[in-house]
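Trainee: Could you take me through one part of this protein slowly, please? I would like a close look at how its aromatic rings pair up, and at what lies around them.

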Amino acid sequence: MQMHLTIAVFFAFTVVMAFIEDYLKESYKTIALAAYAVFMVLLASTKSIDGTADALIYEHIFYHNDEMLVVLTTEPTYLLLSRLVLALGGALWVIFLIYALITIPLKLHVLRKMTPFIFTALVIYIPVYFELHDLVQIRAAAAAAFLLLSFQPLCDKHYGKAFLLMLTAILFHYSAVVFLPFLFIGNRALSTRGRIIVACVIPTLFVCYLMGKDMFSLIPSSIMGGKLDFYQKTTEKGEWAMALLYKNVYFMLKCAMLYLCLYYYDLIVKECRMAPLLINLFIASVLSLMLFSTIPVIATRVSDLFGIIDCLVFTFTLYFVTPRYAARIGITVVGLYMLIYNMLVAEYFA
């Protein structure tokens with residue numbers, strides 16, 4: 001409860017900053033973001049192990065980093081850091097601190113470079129991905145940070161640098177491999193026909209989802225193995241229920257936001273050079289939940305990793321909604337919903 005209250009106060013302060021950021025000098029924004037980084041790092045590194053989801057798993061991996069199963073299923077970066085910290089006599093909180101120092105300042109720095117509305121973006125980022133990644137899924141948080149860092153060179157067609165950054169992300173979390181196809185897509189804009197196709201694909205996949213069909217339905221059971229087979233069997237047993245997308249308000253809001261992006265596409269692209277890449281990633285985030293819906297643990301992990309850019313895409317409303325405060329009110333409502341949802345439903349903190 002204490003963590004939830006702390007994040008709620010932090011969120012409220014960020015909302016205030018979002019509404020006044022157009023009037024702040026850049027130097028003031030820099031000072032504020034530096035303070036944000038310090039506060040967020042402290043919060044991420046001093047969290048309770050017993051009261052934070054996944055922390056006990058990280059503790060087990062930390063102290064058993066030589067076990068064969070752990071070595072086979074854990075990214076090398078976490079294993080190496082665990083061995084190094086243990087060799088120096090450190091505890092688990094040192095791992096949390098290292099990851100926080102790597103990911104949080106890097107994300108804030110990159111996000112600021114990618115949008116002129118950094119505090120408005122944080123109204124979405126804090127209740128969604130700061131809670132999910134930086135406070136809980138720290139390996140995914142590190143991967144997301146390096147993926148964000150790869151977007152600028154990708155848009156500048158520096159594919160070698162972008163690939164190395166994506167490879168670094170993969171070493172922090174294997175799921176980052178899903179970003180590799182974007183090395184070929186890059187910042188290529190969608191044509192009018194492409195936008196129409198995307199607009200038609202979403203309801204089509206939703207109908208397939210309601211029929212219990214997705215990408216895994218096309219894979220013969222004889223060739224499904226390892227984790228994929230395990231995830232499917234546990235889903236069938238009810239240990240993971242099929243993703244109820246029509247009850248996922250945030251997902252439905254993302255769908256609505258995607259249609260707005262497709263409608264105002266030309267305007268957004270004129271305002272934001274990286275918009276084509278960000279919208280393509282946003283499309284991937286939305287579609288992956290439907291493509292893999294019968295195995296929610298995979299669907300959500302893939303969607304959430306692509307969704308690291310949600311906070312940037314929602315700020316696109318500031319380009320086509322006037323007055324701007326109306327757009328910020330809408331973004332605040334979305335962030336507030338996720339804040340309350342995480343308090344009442346998500347089991348991130350005891």
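Mentor: Happy to! Let's begin with the whole protein and then zoom in. For 350 residues, a compact globule would have a radius of gyration near 20 Å, and this protein has 20 Å, so the two agree. Please keep in mind that this is a predicted model. Along its principal axes, the C-alpha trace spans about 55 × 55 × 45 Å. The fold has 19 helices and zero strands. Of the 350 residues, 52% count as buried. If you take the contacts between residues at least 6 apart in sequence, 76% of them join residues at least 24 apart. The accessible surface comes to about 16300 Å², and 69% of that belongs to carbon and sulfur atoms.

Now for the rings. The structure holds 22 aromatic pairs. One of them is formed by Tyr 58 and Tyr 78: the ring centres are 5.4 Å apart and the planes stand at 45 degrees, so this pair is tilted. To be called stacked, the planes would have to be under 30 degrees apart, and to be called edge-to-face, over 60. Find the two partners along the chain: Tyr 58 belongs to helix 3 (residues 55–63) and Tyr 78 to helix 5 (residues 76–87), so the pair links distant parts of the chain, 20 residues apart.

Are these two tyrosines buried or exposed? The cut-off for buried is under 20% relative accessible area. Tyr 58 has 4% relative accessibility and therefore counts as buried. Tyr 78, at 0%, counts as buried too.

Next, look at the loop between helix 3 and helix 4 (68–73), where you will find Asn 65. With a relative accessibility of 5%, Asn 65 also counts as buried. What does Asn 65 touch, leaving aside its neighbours within four places in sequence? Its contacts are Val 70, Val 71, Leu 79, Ser 82, Arg 83 and Leu 86.

Two other ring arrangements deserve a visit. In one, ring pairs link Phe 10, Phe 13, Tyr 36, Phe 39, Phe 119 and Phe 130 into a cluster. In the other, a lysine meets a ring: Lys 47 lies over the face of Phe 96, at 4.3 Å from the ring centre.

As you turn the model, here is a handy habit: a pair of aromatic rings is described by the distance of the centres and the angle of the planes. Try it on Tyr 58 and Tyr 78, with their 5.4 Å and 45 degrees.

Key: Residues numbered from 1 in each chain as written. Predicted model: local features only at pLDDT ≥ 70, side-chain atom pairs only at ≥ 80, totals over all residues. Heavy atoms only, no water. Phe/Tyr/Trp six-rings, centres within 6.5 Å; stacked < 30°, edge-to-face > 60°. Helix = DSSP H or I, 4+ residues; strand = E, 2+ residues; numbered from the N terminus. Buried < 20%, exposed > 50% of the residue type's maximum accessible area, 1.4 Å probe, protein only. Lys NZ or Arg CZ within 6 Å of the ring centre and 35° of its normal. Rg over C-alpha atoms; globule rule 2.2 N^0.38 Å. Contact = heavy atoms within 4.5 Å. Areas by Shrake-Rupley, 256 points an atom, 1.4 Å probe, with all protein chains shown as cover.
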